[in-house]
Amino acid sequence: MKKVLLTIIIILLLAVPVSAMEFTAPPVPEAGADFLPDEPETFAQGLWMIVREAVDYLQPSLAEAAGVCMCLIAAIMLLSLAQSLPGASERITNLIGTLTVAVLMLQPASALISLGVQTVTELSEYGKLLLPVMTAAVAAQGGAVTSAALYTGTVLFDALLSSAISQIIVPMVYVFLALSIANSAVGEGMLGKLRDFIKWLMTWSLKIILYIFTGYISITGVVSGTADAAAIKAAKLTISGMVPVVGSILSDASETILVSAGVMKSAVGVYGLLAVLAVWIGPFVRIGVQYILLKVTGAVCGVFGAKQPVSLILDFTKAMGMLLAMTSAVCLLLLISTVCLMKGVG
Amino acid sequence: MGAIREYLISVVSVAAMCGILNSFMKGKGTVTAVIKFLSGVCLALAIASPLVNIKLSGLLSYTDILNIEAENVVTDGENKAQQAISAIIKSETEAYILDKAASLGIELEVESVLSKSQPQIPEKIILTGSVSPYAKAQLSAWIRDKLGISEEEQQWNG
């Protein structure tokens, strides 16, 4: 019964001549098109579609990551054998082990870093298309102050985060890996503190940007929401002071537009949220699988000894963790801002 | 990415060289200490070199551009809503008059003109069709009373 009533309301809304006001979500970028092949009817359906495609994507990602991890385990096993040979220098074997791990891991790590950077760029570019549509829909619904503040804040923080990732965090990941390799090669933990500082710097850069953004969004939502609510109340007062028939026509027209803008805003928002998730999920699965398998590899290799090369494997795991954090941070930023814009006025 | 690869290779090479050098140093002599110190300096230089090139200028002036962009987007949304509201008001007003005209047995065409100021309300009515003076007076008075549009703002054609 509810569905029938909802359909009737939507048909009635569409029958009103509001063709001048159309808000459509930008299509899913190519990177996410595989995860959201059809236009979903509901958020839950779309989410299920993305999860199902992501599970299918898990298999090739696992095979790719497992190959690297098997090579690492084999190398560490051989190294521990070499270390147990009489007359073997621990320093030399550690150096060889470090170089082996570095050679085996650099190519996949570099590919995953490139994937992370590409994902951040794609998410950011999609956000630049989605946010103006959502902002205009909220403004059409009477939330001019809220939408302007949310738009400015989100685009600014998105630019900040993207710049921080491409100009600071990604080079820092390389610096972190370089320091880890150097530390493992030199031994004695000479560069350990510097490496830990770099990791701390990367983690906190992301955290601080997200904390400030969340704070900004929370405060903006309350302050500008009140201003918009007051403006809508003032407009209603103006209408109520008019000639009854004109006031009634104006009131009906405004109400229709508010409702239809709300319906369109929700539709754009839901599609936008799913599109953002579709772009993010593939790289997240690929990097995440590599992260988990490297953790397992580190634990398995720890049994064989070869402390420094194993520690280097764990450092590569940390770098993968950083990649997961940076792609997820951009995704989270877009999800939060889209949800806030969907909430709209008051 | 080519530059990053180059950087990484240079750091790894320096680290490897330092590692090999240090591996030949046994004991705690002055030479070992100097080699260790020089290794550290070389590595620090190799690692810190790209950090010098980080540029964050221009990010602050970006906020001004963003504010203008936000204003444009909001105005676009408001304009779209206003256009849609105007279209509804116009058609509803015309339908309302046509409904009354039909009840009076009048056949005519109606066009409403909305005010420029906000909120846009009907300020002028153009009525086209052959109407008897009695019916015209009746409809005219009804428009004045119900819609608040004076006889001067009612344009009768035909």
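Modeller: Two strands count as paired if DSSP finds at least two bridges between them. Helices (H or I, at least four residues) and strands (E, at least two) are themselves DSSP runs, numbered from the N terminus. The model is predicted, with local features needing pLDDT of at least 70 and side-chain atom pairs counting only at pLDDT 80 or more, while totals for chains, interfaces and linings use all residues. Residues are numbered from 1 along each chain as its sequence is written, with chains lettered from A and ligands numbered from 1 in written order.

Biologist: How do you know that S1(B) and S2(B) are paired, and in which sense do they run?

Modeller: Strand S1(B) and strand S2 (residues 122–128) of chain B share six bridges, in the antiparallel sense, and since at least two are asked for, they count as paired. Among the residues involved, Val113(B) stands opposite Lys124(B) in S2(B), and Ser112(B) stands opposite Ile125(B) in that strand.

Biologist: What makes the pairing of this sheet of three strands mixed or uniform?

Modeller: The sheet is open, has the order S1-S2-S3 in chain B, and its pairing is mixed. Strand S1 (109–114) and strand S3 (154–157) of chain B are at the edges, each with a single partner strand, so one side of each has no neighbour in the sheet. Whereas S1(B) and S2(B) are antiparallel, S2(B) and S3(B) run parallel and are joined by four bridges. In that parallel pair, Thr128(B) has Asn157(B) in S3(B) as its bridge partner.

Biologist: Why is chain A said to be more spread out than a compact globule?

Modeller: Chain A has eight helices and zero strands, and its elements run α-α-α-α-α-α-α-α from the N terminus on. Its radius of gyration (taken over C-alpha atoms) is 26 Å, well over the 20 Å of the globule rule (2.2 Å times the number of residues to the power 0.38) for 346 residues, so chain A is more spread out than a compact globule. Its C-alpha trace spans about 105 × 40 × 25 Å along the principal axes.

Biologist: How do you know what span to expect for H7(A), and where is its kink?

Modeller: The expected span is 1.5 Å times one less than the number of residues. With 61 residues, H7(A) is expected to span 90 Å, and it reaches 87 Å from its first C-alpha to its last, which is close. A kink of about 30 degrees (the angle between axes fitted to the seven residues ending at a residue and the seven starting there) lies at Trp280(A), shortly before the proline Pro283(A). After H7(A) comes Gly305(A), whose phi is positive, near 95 degrees.

Biologist: What makes up the contact between the chains?

Modeller: Counting residues whose C-beta atoms, placed from the backbone, lie within 7 Å, the contact takes 53 residues from chain A and 49 residues from chain B. On the side of chain A that touches chain B, H5(A) gives the largest share, 21 residues.

Terms used. Two residues are in contact if their C-beta atoms, placed from the backbone, lie within 7 Å.
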